[in-house]
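Student: Can we go through this one together? I'd like to start with the empty space inside.
Tutor: Sure, here it is.

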Amino acid sequence: MKMISKAALAAGVALLISTSALPALAKTPDNMLIMALRIDDLITMDPAQSFEFSAGEISNNIYQFLVAFDPLDLKKGFQPSIADSWDISEDGKTITFKIKDGLKFASGNPLTAKDVEFSLRRAVTLDKTPSFILTQFGFTPDNVDETLVATDDTTFKMTTDKPYAVSFVLNCLTANIASILDSKEVMSHEVDGDMGNGWLRDHSAGSGPYELTSWKPNESVTLSYNKNYTGDKPAMERVIIRNVMESASQRLMLEKGDIDIARNLTPEDVAAVKDEDGLKVDSELRGRLMYWSANQKGEVLSNPKVVEAMKYLTDYQGMQDSFLQGQYTTHQTFLPATYLGAIDDAPYSLDVAKGKELLAEAGYPDGFPLTIIVRDAQERIDIAQSLQNTWGQAGIDVNILVGTGAQTLDKYRSRDFDVYVGAWGPDYADPNTNASTFAANPDNAQEAGNTGYLAWRNAWDIPEYTKLTEAATVENDTAKRAAMYEDEQRQFLKDSPFGIMFQQIEQAAMSDNVKDFSMGAAVNSAAFWPVTK
């Protein structure tokens, strides 16, 4: 990891991020989609463990789910996928799914309800970071044999611990962790009881349009058409994702015709591309939020007035109108716009005098030192540097520690940081996806290891918020449920250690012959299989 100090910035020292040498292509093949995207956050391809942006996008194109979204018509909400239909029991606790006939995995093995049973039981039993998405319904390693059951090859029953809003349960089944795996293939690679976890780090066992051909960490991921896929054959028979960290490099590759899509261009490069013949820019409001958070383990940052001061010392408008222009819009609450219960309250704006006043009231009139950890992505570094500047105006002495996505997440998940600057994207299209991560923490103990909860990562012990969040999941009256989230967010704005700043507007620059590329809007991940050229 690399430390950026204020002195280094003043001296004009630039952070240089190396990229792998990539061969130039005059024109990409007609049946191949090649894109540049930051994928340095990849840790594993196992959907029961992966919890990073890149892995979620890749899994969305490899695996199928009981229910899923139509990438070309996301407004329809979840639709049948592996499940042909489902019924709800009178007590509201058991959902019975009928599985489609004729589905196959990439291996050629038939997909049955037994694979659904295996996949969901496995996700709960392995108990990796994203497992809370399923275990929040009362599933545990000890009860999965009774609660997640295939009664025959075409029938799967799941029984929750209490009656939840059905849309909440089904939305969770669109999450990466609910991917349906080939049980025979996975278990043939089991080592020491790991249920294939080691093998799935760099292999796949799905039934979706593609299968994983290769993953070269920090270099590239290659997907190939799954010949046993029972849906329409994708026009793009191969997808290559190249890890290119710098916007300028992505733009150059696009202009030369080496790639079809550039996913991480700066506003300046986007503006330049818009004026070029043969290129275009598509924009979608995504669910990803950019935020900073203050670790509550320390005395200084656990002082509410200190955190409030830092929120007033953040230049939301200045960042939005400069280096984030067109790519992020100011948003200060934990539910993204378009979600049930979302509000547009934005009470904070840059007010240095107010920030200084609050710091003095907290007992820190001269400020204090802290370190920001941040991934080596340019817009995140730019945000960290803006915070360094405006927080510094009130005496907060900020150093910036830059690492890869994996390095930074490791420190964040182990609570080894002062302030984290990063992003969070929804795991499913239900308000609980963010409420349960930002505003719930069932057990704040270090040994609990509840890394799926952002509140836990920040050592924010909030039993009352946790109760409110849980209560909203069982409210079947949609209007009442929305009001519960609205009230919770307004309180969260006042006293949380999270400085939520922006909601992403993703801009993808591409060749103008690329059609039907969906970035997933606010509810889903990108889909490659509908793309044509």
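**Cavities, cores and rings**

Tutor: Lys311, Tyr316, Gln332, Tyr348, Phe492, Leu493, Ser496, Phe498, Gly499 and Ile500 line the largest cavity. Keep in mind that this is a predicted model.

Student: How much space lies in the largest cavity?
Tutor: About 50 Å³.

Student: And how many cavities of 30 Å³ or more does the structure hold?
Tutor: Two.

Student: Which element gives the largest share of the lining of the largest cavity?
Tutor: Strand S18, with three residues. S18 covers 498–511. Helix H18 (478–495) also supplies at least two residues of that lining.

Student: Phe492 and Phe498 are in that lining. Which aromatic cluster are they in?
Tutor: They belong to one with Tyr291, Phe334, Tyr412, Phe417, Tyr420, Phe438, Trp460 and Tyr465.

Student: How many aromatic pairs does the structure hold?
Tutor: The count is 28.

Student: Do charges come into this? Which ring does the charged end of Arg288 sit over?
Tutor: The ring of Phe53, 3.6 Å from its centre. Arg415 lies over the face of Trp456, at 4.0 Å from the ring centre.

Student: New topic, the nonpolar core. How many residues has the largest one?
Tutor: It has 102 residues. Those with the most contacts inside it are Leu66, Phe97, Val221, Phe438, Phe517 and Phe528. Helix H3 (residues 113–126) gives the largest share of this core, seven residues. Apart from this core lies another, of 41 residues. Trp292, Ile383, Trp391 and Ile400 are among them.

Student: Why do such cores turn up at all?
Tutor: Nonpolar side chains tend to be buried together in soluble globular proteins.

Student: Back to Leu66. What does Leu66 touch?
Tutor: Leaving out residues up to four places away in sequence, Leu66 touches Pro80, Ser81, Ile82, Ala83, Phe97, Ile99, Val116, Leu120, Phe156 and Leu173. Phe97 is also listed with Leu66 among the residues with the most contacts inside the core.

Student: Last one, Asp192. Is Asp192 buried or exposed?
Tutor: Exposed. Its relative accessible area is 79%, and exposed means over 50%.

Student: Where is Asp192 found?
Tutor: In the loop between helix H7 (183–187) and strand S9 (210–216).

Student: How far apart are Asp192 and Ala175?
Tutor: They are 17 residues apart in sequence. In space, Asp192 and Ala175 are 27 Å apart, C-alpha to C-alpha.

Note on methods:
Residues are numbered from 1 along each chain as its sequence is written. This is a predicted model: local features need pLDDT of at least 70, side-chain atom pairs count only at pLDDT 80 or more; totals for chains, interfaces and linings use all residues. Side-chain values use heavy atoms; hydrogens and water are left out. Rings of Phe, Tyr and Trp (its six-membered ring) pair if their centres lie within 6.5 Å; planes under 30 degrees apart count as stacked, over 60 as edge-to-face and the rest as tilted. A charge sits over a ring if NZ of Lys or CZ of Arg is within 6 Å of the ring centre and within 35 degrees of the ring normal. Helices (H or I, at least four residues) and strands (E, at least two) are DSSP runs, numbered from the N terminus. Buried means under 20% relative accessible area, exposed over 50%, partly exposed in between (1.4 Å probe, protein chains only). A nonpolar core is a set of buried Ala, Val, Leu, Ile, Met, Phe, Trp, Tyr and Cys residues joined through side-chain atoms within 4.5 Å. Contact means heavy atoms within 4.5 Å. On a 1 Å grid over the protein atoms alone, a cavity is a set of points where a 1.4 Å probe fits but cannot get out, and a pocket is an open set with protein on both sides within 12 Å along at least five of seven lines; lining residues have an atom within 4 Å of a point. Grid points are joined across faces, edges and corners, and a volume is the space filled by probe spheres set on the points.
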